[in-house]
Amino acid sequence: MSERKHVVILGGGITGLAAAFYVQKYAKETREPLTFTLLESSNRLGGKIETIQENGFVIERGPDSYLARKTVMTDLAKEVGLENDLVSNETGQAYILHNMKLHPIPEGAVMGVPTKVMPFMFTPLFSIFGKARASFDLVLPKRADSSKDISVGHFFRRRLGDEVVDRLIEPLLSGIYAGKIDQLSLQSTFPQFIETEKKHRSLILGMKSSQPKPVKAQKAGKKKGAFLTFKNGLSSFVDALAQSLPDTSIKMGAKAESVVRFEDGTYSIKMEDGSVLSADHVIVTTPYAVTKKLFDEKLFPAHFHKTKPTSVATVAMEFNEDEVSFSLDGTGFVIAKSEKTSITACTWTSRKWPHTTPKGKVLLRCYVGRAEDQGIVHESDEVILDKVLNDLKKIMGVDTRPDKYYVSRMIDSMPQYEVDHKEYVKELRATFENVFPGVHFAGAPYDGVGLPDCVNSAKKAVESLLTK
C-alpha cells in the first residue's frame, strides 16, 4: 500500500466542499490512504450561498439556482441524497425595461439572438434602423481568426449592432457576470457562440437551427424550466455536502496566511493563529485576491484579473398578495443600461419559484449594483430599500412597503473574465505546475462563475492531483 497522502483544501464555499467530497469519494472507491482537511476562514460554510427559511418563505441571499443542462451539479446532488428535493423553475414571459416601459423579450430570442422573424420585427424595443442593422448578421462573413479571443460586446455588436446589444443582450448577460460586456472574454463566457459562427456563419441562422423541433401531439403541460434549485434552498445542498464529510476534517475560523513548499515536495500551510498544517497537495478555492497573498505575487500573470471583481446587492421583499398588483403575466424583468434606475433586474420570485412563498404572499427580489457604478451597494439597507421601492413604484405600481425585507451584499464577489482569460489561467497553472506542482486552483476565478462550473472545477482539480 502506498504512503498516506494528505490534501489541504483552502476555502469552504461550494468549490471547496465539492473538492472535499470528491477526495473522500476517490479514497473510498480506491481504498487509497488519502486524507483531507478543509479550512474555512469564516464561521460558516457555503460562501455566497445562504438561505433564509422563515414563516414559510425560502429566501436566497446569494445565487438562487443553477443551469439544469450542466448536469455535474445534479449528479452531485444525487450522490448526497437530495435528488428528490430538486425543483425546476416555472416558465413565463420575461421583460426588458426600456424607456421606463416593460417590453416582452421577443419570442424566440436566445440569449438575445433572434431566431423568429415576426416577433423581432414587431417588437417596439428596437427602431427600424436597429432591426435592419441586426439583419446584417444574415450576410456578414464569419471572423477570419476565430481562435483569437475578443470581448462579448465586440462580437455581438459586429454581428447584430449596438441597439440589440444595448437594449437586449447586455441586460440579459450582465445579470450573469455583473460586468461590462465590452471587456468580458467571449471564449471564457459564451464559447458556444464562437462555434455557432464557425459552423453557420450567421448567428441568427445558427441559433435557429439549434432550437429543438416542436414535438407533434405533445401532451398539454407547461414547458420545463431551464433552472434547478432545492425545495429547502441551496443551503440544504451545502448542509448535505458538509454532513457527508467527517466533522474532524473541517476546520472553521481557520485562516491560512502562506503556503510554502519543502524540498521533499510536501507543503506547509501557516495559519493566522501561528499553527502549521502539512500537506502533500493543496487545492486553493479562495477568491483570487486572497489567493495571491498566500504565494509570491510574481508567480501570477501580471495582467490576470486586472479588473476588480464587481459587487452586487439583492433586496428580497415580502408583501401581501393584495398589496402588489401584477398587470403583466411573467417571471420578472431586466433593465437596459440606459435607464435611470437603481435596480438592474427584478425576479418575481413567488411566480418563478412558487415553493418559496406561502399562499397569499408575494416575494420579489431586486438586484442593484452596476460594474460602472458600485456606490449603491455600500449604502445603508434603508437607503437601498427606498431606492428599490421608488423604482418599483414607477415600473410596477408597487405603492407599499414590504412586511419584511432582506438586503444582502456580495462585495467583490463577481470575478471579471477579461479578454484572454483562458490564456492567463493556462499560464498560471503552467507556472505552478513547474514551481508548486502540488498546488491546484479551482473555482470561480478560473473556470466559470456558475455553481455547476465551480463543482466541475473542483472535480477536475481532484482528478488532476490524483494523477500525480
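**Rings, a buried acid and a covered helix**

Phe156 is buried, at a relative accessible area of 0%. That value comes from a predicted model. Phe193 is also counted as buried, because its relative accessibility is 1%, under the 20% limit.

These two residues belong to the aromatic side of the picture. The structure holds 26 aromatic pairs. Phe156 and Phe193 make up one of them, with 5.0 Å from centre to centre. Their planes stand at 80 degrees, an edge-to-face arrangement. The pair joins distant parts of the chain. Phe156 sits in helix H5 (residues 152-160), Phe193 in helix H8 (residues 191-200), and 37 residues separate them.

Now turn to Phe441 and Tyr446. Their ring centres lie 5.6 Å apart and their planes meet at 45 degrees, so this pair is tilted. Phe441 is buried, with 3% relative accessible area. Tyr446 counts as buried too, at 3% relative accessibility. Both residues are part of one aromatic cluster. Other members include Tyr267, Tyr288, Phe295 and Phe300. Phe304, Tyr424, Phe432 and Phe436 belong to the cluster as well.

Some rings have a charge over them. The charged end of Arg351 sits over the ring of Phe326, 3.9 Å from the ring centre. Lys352 lies over the face of Phe227, and here the distance to the ring centre is 5.0 Å.

Next comes a buried acid. Asp391 is found in helix H13, which spans residues 381-396. Asp391 is buried, yet it has no salt bridge. Why not? The nearest side chain of opposite charge, Lys394, is 5.0 Å away, and a salt bridge must be within 4 Å, so Lys394 does not qualify. What does the side chain of Asp391 have beside it? One of its polar atoms lies 2.7 Å from the backbone nitrogen of Ser342. Leaving aside neighbours within four places in sequence, Asp391 is in contact with Thr341, Ser342 and Ile343.

Finally, look at helix H2, residues 72-79. Which of its residues are buried? They are Val72, Met73, Thr74, Leu76 and Ala77. Several elements help to cover them. Among the helices are H1 (14-30), H10 (234-243) and H16 (451-466). Strands E5 (66-67), E6 (86-88) and E9 (227-230) also take part in the cover. After H2 comes Gly81, with a positive phi near 85 degrees.

Definitions and conventions. Residues numbered from 1 in each chain as written. Predicted model: local features only at pLDDT ≥ 70, side-chain atom pairs only at ≥ 80, totals over all residues. Heavy atoms only, no water. Helix = DSSP H or I, 4+ residues; strand = E, 2+ residues; numbered from the N terminus. Buried < 20%, exposed > 50% of the residue type's maximum accessible area, 1.4 Å probe, protein only. Lys, Arg positive; Asp, Glu negative; His and termini not counted. Polar contact = N/O pair within 3.5 Å; in protein donor to acceptor, adjacent residues only side chain to side chain. Contact = heavy atoms within 4.5 Å. Phe/Tyr/Trp six-rings, centres within 6.5 Å; stacked < 30°, edge-to-face > 60°. Lys NZ or Arg CZ within 6 Å of the ring centre and 35° of its normal.
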